[in-house]
Amino acid sequence: MTQTILITGASSGFGLLIANKLHQSGYNVIGTSRNPEKIKPSLPFKVIALDIADDDSIRSFEKELFKHTGRVDVLINNAGFYLSGLAEETSIELGRQQFETNFWGTIKVTNSLLPHFRKQRSGKIITVGSIAGLLNFPSSAYYGASKHALEGYFKSLRFELNEFNVKVAMIEPMGFKTNIIGSSIAADGKIEDYSAYRKKIAAFANDLFDNAPEPTPVINTVLKLVETKEPKFNHPVGKGANVVLGLQHFAYKTFEKAMIKNINKFQS
Ligand SMILES: NC(=O)c1ccc[n+]([C@@H]2O[C@H](COP(=O)([O-])OP(=O)(O)OC[C@H]3O[C@@H](n4cnc5c(N)ncnc54)[C@H](OP(=O)(O)O)[C@@H]3O)[C@@H](O)[C@H]2O)c1
């Protein structure tokens with residue numbers, strides 16, 4: 001049976017490329033965008049309206065989704081944006097906006113599909129985190145914090161959903177060429193003391209993004225994850241990712257095994 005894959009933020013960047021690749025590979029793809037009417041005519045897959053930072057939009061989306069399909073096999077949480085700026089120069093209000101989308105929005109969309117996945121007794125949830133969710137960089141405090149929060153949340157959910165044969169995995173890309181900088185929001189304050197450092201960091205970030213590679217390795221990793229029956233949890237992708245992968249994998253695997261062993265002591 002053809003699997004149905006739902007991907008949030010399918011209008012641009014990773015989401016658009018992943019949706020196209022999965023569609024070409026024969027999957028039934030449903031994408032989302034805050035402005036589907038702007039992109040719908042040019043895309044070969046269905047697009048439903050969804051703003052993950054808006055509760056009403058999530059409720060309408062859920063109703064609309066099940067008009068188009070009886071089942072969802074894979075949810076790819078991809079929608080998100082980048083809030084750049086030094087921590088102290090960023091208002092709490094902007095920091096909250098970052099979390100409303102990247103963290104709470106992702107959790108709320110996931111929650112809306114959990115009853116469906118439990119009933120189905122199968123499914124997969126793949127979330128696009130970031131290397132900034134494993135490590136973090138200057139000028140990225142709230143962005144990295146929102147992605148760290150996703151890592152923590154899904155690590156726990158992975159145990160709980162395993163009971164229902166629902167698999168949970170993350171992908172943590174390094175910097176790749178998408179529209180992430182074009183759609184980013186910048187810190188709203190300036191503190192004189194940081195002027196020289198801010199300039200240095202801006203030059204460093206510009207250089208990083210100007211020379212960022214094309215996102216093909218991310219798209220291929222997502223396709224592989226969709227096709228893997230028992231995916232592991234972390235999937236860092238990009239230059240130097242192997243080092244991170246080695247460290248993360250060793251520490252996490254050891255912990256995961258010990259945790260399962262301890263929990264199983266209490267089996268009824
Ligand atoms: N590019 C990188 O180097 C990089 C590295 C690590 C992680 N990431 C992560 O990759 C994911 C995709 O980003 P990208 O690089 O592909 O950037 P992008 O080209 O700017 O795409 C972002 C996508 O997210 C959607 N989106 C943003 N806010 C939304 C909201 N409130 N509700 C629903 N959809 C929303 C946008 O859709 P609409 O505007 O159509 O609604 C768009 O399709 C993000 O989670 C990002 O944090 C990117």
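These legends describe close-up views of a predicted model, from the whole chain down to single residues. Residues are numbered from 1 along each chain as its sequence is written. Because the model is predicted, local features need pLDDT of at least 70 and side-chain atom pairs count only at pLDDT 80 or more, while totals for chains, interfaces and linings use all residues.

**View 1. The whole chain, with 8 helices and 9 strands.** Helices (H or I, at least four residues) and strands (E, at least two) are DSSP runs, numbered from the N terminus. The radius of gyration is 19 Å, close to the 18 Å of the globule rule for 268 residues, so the chain is as compact as a globular protein of that length. This radius is taken over C-alpha atoms, and the rule is 2.2 Å times the number of residues to the power 0.38. The C-alpha trace spans about 60 × 50 × 35 Å along its principal axes. Of the 268 residues, 36% are buried; a residue is buried if 20 or more other C-beta atoms, placed from the backbone, lie within 10 Å of its own, exposed if 12 or fewer, and partly exposed in between.

**View 2. Strand β6 and its burial.** In β6, 6 of the 6 residues are buried, so the strand is largely enclosed by the rest of the structure. G123, I125 and T127 point one way, and K124, I126 and V128 point the other way.

**View 3. The strands paired with β6.** Two strands pair if DSSP finds at least two bridges between them. β4 (residues 74-77) pairs with β6 in the parallel sense over 4 bridges, and V74 stands opposite K124 of β6. β7 also runs parallel to β6, joined to it by 6 bridges; here I126 stands opposite A169 of β7.

**View 4. The β-α-β unit of β6, α5 and β7.** The unit is right-handed: with the strands pointing away from the viewer, the path from the first strand over the helix to the second runs clockwise.

**View 5. R121, in the loop before β6.** R121 lies between α4 (92-120) and β6 (123-128). Its phi is near 55°, a positive value in a residue other than glycine. R121 counts as exposed because it has 10 C-beta neighbours inside 10 Å.

**View 6. N165, in the loop before β7.** N165 lies between α5 (141-162) and β7 (166-173). Phi of N165 is near 60°, again positive in a residue other than glycine. With 13 other C-beta atoms within 10 Å, N165 is partly exposed.
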